[in-house]
Amino acid sequence: MGPIDLLIHLLNFAAPALAVAVLTALAARVFMRKKPAAQSLYAQAAINFVVCLAVLLGGLWFFGHDGKMATYAALVLACASSQWWMVRG
């Protein structure tokens, strides 16, 4: 596998984490009216992205390969929990 192929694989691995993190931060602006501890939308998305990426890496380690629905369910729950924790604070 060449370096370009490796980069494409890594970006495709992280794409669900990025999409869920950004969409959760945007949805929080609409549905949660409390003021979040992390003021910036970018900061919220970045925190959510780190949490989501950690869940994906944990799922990869636990199952041995990515793309399991259990990992994606944990990804959504972890991202929602981190967003709730930021708004709660």
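## Close-up views of a three-helix model

**View 1. Val 50 sits in helix α2.** Let us start with a single residue in this predicted model. Is Val 50 buried or exposed? Its relative accessibility is 56%, and because residues over 50% count as exposed, Val 50 belongs to the exposed group. Now look across to Leu 18: the two residues lie 32 positions apart along the chain, yet 8.9 Å separates their C-alpha atoms.

**View 2. The protein as a whole is built from three helices and zero strands.** Starting at the N terminus, the order of elements reads α-α-α. Helix α1 covers residues 3-31, α2 covers residues 41-63, and α3 covers residues 69-88. The C-alpha atoms fit a box of roughly 45 × 25 × 15 Å along the principal axes. Of the 89 residues, 26% are buried. Taking contacts between residues at least 6 apart in sequence, 63% link residues at least 24 apart.

**View 3. Helices α1 and α2 cross at roughly 140 degrees.** Their axes come within 8 Å. The crossing angle makes α1 oblique to α2, and the crossing is right-handed. On the α1 side, the residues in contact include Phe 13, Leu 18, Val 22, Leu 26 and Arg 29. From α2, the partners include Leu 41, Gln 44, Asn 48, Phe 49, Cys 52 and Leu 60. Sorted by class, this contact holds 18 nonpolar, three polar and one charged residues.

**View 4. Helices α1 and α3 cross at roughly 35 degrees.** Here the axes come within 10 Å, and this crossing is right-handed. Which residues meet here? Helix α1 brings Pro 16, Ala 17, Val 20, Ala 21, Thr 24, Ala 25 and Ala 28, while α3 brings Tyr 72, Leu 75, Cys 79 and Gln 83. By class, the contact has nine nonpolar and two polar residues, with no charged ones. Some α1 residues may look familiar from View 3: Ala 17, Val 20, Ala 21, Thr 24, Ala 25 and Ala 28 take part in the contact with α2 and also meet α3.

**View 5. The prediction comes with a confidence score, and the protein averages a pLDDT of 91.** A score of at least 70 is reached by 93% of the residues. Where among the helices is confidence lowest, and where is it highest? Helix α3 is the lowest, with a mean of 93, and helix α2 is the highest, at 95.

Definitions and conventions:
Residues are numbered from 1 along each chain as its sequence is written. This is a predicted model: local features need pLDDT of at least 70, side-chain atom pairs count only at pLDDT 80 or more; totals for chains, interfaces and linings use all residues. Side-chain values use heavy atoms; hydrogens and water are left out. pLDDT is the predictor's confidence in each residue, from 0 to 100. Helices (H or I, at least four residues) and strands (E, at least two) are DSSP runs, numbered from the N terminus. Axes are lines fitted to C-alpha atoms, for helices over the stretch in contact, and angles run from 0 to 180 degrees between N-to-C directions. Angles under 35 degrees count as roughly parallel, over 145 as roughly antiparallel, 65 to 115 as roughly perpendicular and the rest as oblique. A crossing is left-handed if the near helix is turned anticlockwise from the far one by less than a right angle, and right-handed if clockwise. Contact means heavy atoms within 4.5 Å. Ala, Val, Leu, Ile, Met, Phe, Trp, Tyr, Cys and Pro count as nonpolar, Asp, Glu, Lys and Arg as charged, and the others, Gly among them, as polar. Buried means under 20% relative accessible area, exposed over 50%, partly exposed in between (1.4 Å probe, protein chains only).
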